[in-house]
Amino acid sequence: MLLPTCFKKISGSGSINASARFHDYRIRLKVEQELLVFRIVQELVNNVFKHSNAGFIHLTQNNSGNSMYFRLHHDGNGIVQADFEKLNHSALGLGLKNIASRIKVLKGRIFFEIDPSHTYYKVTVEVPMEGGIGN
């Protein structure tokens with residue numbers, strides 16, 4: 001998957017400290033699913049750059065049960081689930097609408113939250129490994 005390589009390039013740009021950690025490369029999504037996940041993460045990262053004033057961004061991937069999880073953490077300004085739902089039903093937030101559309105195709109879920117200490121935001125994308133595209 002291209003995501004870890006892309007994060008090395010972001011971190012090398014000097015504008016934001018970026019890192020990625022993928023916990024299990026042996027299990028892969030279907031190519032179509034990987035492309036959709038890539039586009040979702042690309043839009044999320046773009047939003048962090050554009051709107052958050054973050055100093056760091058960190059992406060992780062892990063598997064649990066029949067799902068693969070991608071989590072994006074950052075220390076800038078962000079949104080929580082209620083904001084996502086509101087923007088998704090307004091004339092604003094075209095990028096978020098694209099994310100929601102891709103999540104629907106993946107038969108996945110997305111969660112926007114802030115940690116209890118209010119020091120970072122987290123976006124979790126859950127993708128079923130069975131029952132997704134073509135299953």
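## Thr60, Arg71 and their strands

In this predicted model, Thr60 stands opposite Arg71 of strand β3. Thr60 and Arg71 bring us to a pair of antiparallel strands, β2 (residues 56-64) and β3 (residues 67-74), joined by 8 bridges. Strands here are DSSP runs of E with at least two residues, helices are runs of H or I with at least four residues, and both are numbered from the N terminus. Two strands pair if DSSP finds at least two bridges between them.

Arg71 also has a bridge partner in β5, namely Thr124. Strands β3 and β5 run antiparallel and are joined by 8 bridges. From Thr124 we can step onwards, for Phe111 stands opposite Thr124 of β5. Here β4 and β5 are the strands involved, antiparallel again and joined by 6 bridges.

## The whole sheet

Now the wider view: the 5 strands form an open sheet with mixed pairing, in the order β1-β2-β3-β5-β4. Because β1 (17-22) and β4 (109-114) each have a single partner strand, they stand at the edges, and one side of each is left without a neighbour in the sheet. On average, neighbouring strands of this sheet are turned by 15° against each other, direction ignored. Such angles are taken between axes, lines fitted to C-alpha atoms (for helices over the stretch in contact); angles between N-to-C directions run from 0 to 180 degrees.

How buried is β5? Buried means under 20% relative accessible area, exposed means over 50%, and partly exposed lies in between (1.4 Å probe, protein chains only). With 7 of its 8 residues buried, β5 is largely enclosed by the rest of the structure.

## Helix α2 against the sheet

Helix α2 (residues 31-51) packs on the sheet and touches β2, β3, β4 and β5 (121-128). The direction of α2 makes about 170° with that of β5. Contact means heavy atoms within 4.5 Å. Among the buried residues of α2 are Leu36, Val37, Phe38, Ile40, Val41 and Leu44. Polar residues appear there too, including Gln33, Glu34, Glu43 and Asn47.

From its first C-alpha to its last, α2 reaches 30 Å over 21 residues, close to the 30 Å expected at 1.5 Å a residue. The expected span is 1.5 Å times one less than the number of residues.

## Two buried residues to find

Gln61 is found in strand β2. This residue counts as buried because its relative accessibility is 1%. Leaving aside neighbours within four places in sequence, Gln61 is in contact with Arg21, Phe22, His23, Asp24, Met68, Tyr69 and Phe70.

Ser67 has its place in strand β3, and at 9% relative accessibility Ser67 counts as buried. Which side chain makes a polar contact with the side chain of Ser67? That of Glu126, at 3.2 Å. A polar contact is a pair of N or O atoms within 3.5 Å; within protein, one must be able to donate a hydrogen and the other to accept it, and residues adjacent in sequence count only if both atoms are side-chain atoms. Beyond four places in sequence, Ser67 is also in contact with residues including Asn62, Val127, Pro128 and Met129.

## Loops and a backbone surprise

Most residues other than glycine have a negative phi. Asn53 is not a glycine, yet has a positive phi of about 60°. Asn53 is found in the loop between α2 and β2, where it is exposed, with a relative accessible area of 70%. His118 likewise has a positive phi of about 60° although it is not a glycine. His118 belongs to the hairpin of β4 and β5, which has 6 residues between the strands, and at 58% relative accessibility His118 counts as exposed.

Tyr120 is found in the loop between β4 and β5 and counts as partly exposed at 27% relative accessibility. Tyr120 and Phe56 are 64 residues apart along the chain, while their C-alpha atoms are separated by 9.5 Å.

## The chain as a whole

The protein chain has 4 helices and 5 strands, in the pattern α-β-α-β-β-α-α-β-β along the sequence. Of its 135 residues, 41% count as buried.

Residues are numbered from 1 along each chain as its sequence is written, and side-chain values use heavy atoms, with hydrogens and water left out. In this predicted model, local features need pLDDT of at least 70 and side-chain atom pairs count only at pLDDT 80 or more, while totals for chains, interfaces and linings use all residues.
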